[in-house]
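Here is a report on one chain. It starts from a single residue and widens to the whole fold.

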Amino acid sequence: MNPIAQELNQTIKGSNPHIFEMLSDMGKALFFPKGILSQSAEAKLKADKINATIGIAKEGNAVLSLPSITRYITGIDPDDYLSYAPSFGIAELRNKWKTDLYKKNPSLKNKKVSLPVVTSGITHGVSILSDMWIDTNDVIVMPDMMWGNYNMTFCVRNSGRIVHYKTFDDGLTHFNVDSFEHVIRQQAKENDKIVVVLNFPHNPSGYTLSEREADRVAHILIDIAHQGTHVVAACDDAYFGLFFEAETSKESIFSKLCGADERLVAIKLDGATKEDYVWGFRTGFITYGVSGDDDTLLEALEKKTAGCIRGNISNSSHLSQTILLKSMADENYDAYKQEKFELLKRRALKMKSVLKNPKFKDAFDVYPFNSGYFMCIRLKDVNAEDLRVHLLENYGTGLISIGDKNIRVAFSCLEENDVETLFDIVLNGINDLRKG
Ligand SMILES: Cc1ncc(COP(=O)(O)O)c(C=O)c1O
């Protein structure tokens, strides 16, 4: 094993041996190379005469550039977007995101978290989580309704094993914490380590836990950690902030898990993708919370994460990071975000009011939803894929079918005026299929 990896492992073991044990084989082997990168960084500070270290091209004192590129980007110096960003991400952006994490999650106060490391979107964060903490056959506990891409990352790429709990009770009245607890405790009996992904607001259902439910979920995970199971608790907060109802928990469950037990590592995956409506920017973050007060452990995890990035995509888009940083520094940033929040909230509430109409009752059930971009319905007596294709071919209407019974609607891209029309079309389509 590389000596730098060994050094990082010693640091982690010295601070908390449980965290070291939880790392995957790849996680243990990862390190951030000194070589060219650190020599370039040193030269940047000290080589004031000639600096021939960096793998970019320069002209005079600036980065060499083509006008056919730079003419499209005004207001930003080419040095701030054409050159490489560090593998860790731009330092100012990492600091700003961290400051905002504490603002957005007030109960993180007095808890220590790492500096966020910049990822190329949240999918990339999920993939880093998988590389660093999941070995072949490791168990990942997930709801039976989940974002399909987890399967690709955890199972296809890293040979993990997903074990499901039931997302909701049969009557679709609430999140099924009982099923969660049953599966978690069962898996804790059978395995030394379990990985759990908590995704709220949830894709596809659009559900976020109430404060009471979040307390219970956190308590269950902390309890099994107390009793000896290693817990990797990842919070996929892709849709963070889009909470539309009073009783919904407004903070990430990361706050409750952070530092709660020495056998628990809390990992926050979030980003600008959906929070700031920049899907194509590919700017996400991965942040760690562990028990104890030791900065060196968090720094070692940051370095392993940056090594994971270095060996895969090297670094994330500099242009996207620079624009995001500028946007976050804009005096109207919060007001702009609030305006779009209100727009999405109006759409979600409109869905709720339209769906109260009893005419839909014998055609489909509505899953609980209160946040995010999506909601789902459960069809009573027609097949979801048949309905999807029928609506597309006969009504020019596109929805997502999931399994035999569920249809996902993205209200995030639906004008308020179209909500009623959409569900009337769905009902018509169901009635067409019923007639055969
Ligand atoms: C739950 C969840 N996590 C992660 C992502 C991916 O986000 P990104 O586009 O930043 O990779 C999505 C997007 O569809 C999602 O629904």
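Thr153 sits in helix H8 (residues 149-157). The model is predicted. Is Thr153 buried or exposed? A residue is buried if 20 or more other C-beta atoms lie within 10 Å of its own. Thr153 has 21 within 10 Å, so Thr153 is buried. Leaving out residues up to four places away in sequence, Thr153 touches Val126, Ser127, Ser130 and Asn158. Leu349 lies 196 residues from Thr153 along the chain, and 34 Å separate their C-alpha atoms.

**Domains**

The chain splits into domain 1 (3-32 + 87-329) and domain 2 (334-435). Their centres, taken over C-alpha atoms, are 30 Å apart. Domain 1 puts 19 residues into the contact, and domain 2 puts in 20 residues. On the side of domain 1 that touches domain 2, ten residues are nonpolar, seven are polar and two are charged.

**Nonpolar core**

The largest nonpolar core holds 108 residues. Which members touch the most others? They are Val196, Leu221, Ala233, Leu257 and Ile267. Helix H13 (residues 295-310) gives the largest share of this core, seven residues. Domain 1 and domain 2 both contribute residues, so the core lies between them.

Ile267 touches Leu129, Val232, Ala233, Ala234, Cys235, Ile286 and Tyr288, again not counting residues up to four places away in sequence. Ala233 is thus a contact of Ile267, and both are among the members that touch the most others in the core.

**Ligand shell**

What surrounds the ligand? The residues around the ligand are Gly121, Ile122, Thr123, Trp147, Asn199, Asn203, Asp236, Ala238, Gly271, Thr273, Trp279 and Gly284. Four residues of this shell are nonpolar, seven are polar and one is charged.

The two residue sets break down as follows.

| Set | Nonpolar | Polar | Charged |
|---|---|---|---|
| Side of domain 1 that touches domain 2 | ten residues | seven residues | two residues |
| Shell around the ligand | four residues | seven residues | one residue |

**Whole chain**

The chain has 17 helices and 13 strands. Its radius of gyration is 23 Å, close to the 22 Å that the globule rule gives for 436 residues, so the chain is as compact as a globular protein of that length. Along the principal axes, the C-alpha atoms fill a box of roughly 80 × 60 × 35 Å. Of the 436 residues, 42% count as buried. Consider the contacts between residues at least 6 apart in sequence: 72% of them join residues at least 24 apart.

How values were computed
Residues are numbered from 1 along each chain as its sequence is written. This is a predicted model: local features need pLDDT of at least 70, side-chain atom pairs count only at pLDDT 80 or more; totals for chains, interfaces and linings use all residues. A nonpolar core is a set of buried Ala, Val, Leu, Ile, Met, Phe, Trp, Tyr and Cys residues joined through C-beta atoms within 7 Å. A residue is buried if 20 or more other C-beta atoms lie within 10 Å of its own, exposed if 12 or fewer, and partly exposed in between; C-beta atoms are placed from the backbone. Helices (H or I, at least four residues) and strands (E, at least two) are DSSP runs, numbered from the N terminus. Domain bounds come from an automatic or database domain assignment. Two residues are in contact if their C-beta atoms, placed from the backbone, lie within 7 Å. Ala, Val, Leu, Ile, Met, Phe, Trp, Tyr, Cys and Pro count as nonpolar, Asp, Glu, Lys and Arg as charged, and the others, Gly among them, as polar. A residue is near a molecule or strand if its C-beta atom, placed from the backbone, lies within 6 Å of it. The radius of gyration is taken over C-alpha atoms; the globule rule is 2.2 Å times the number of residues to the power 0.38.
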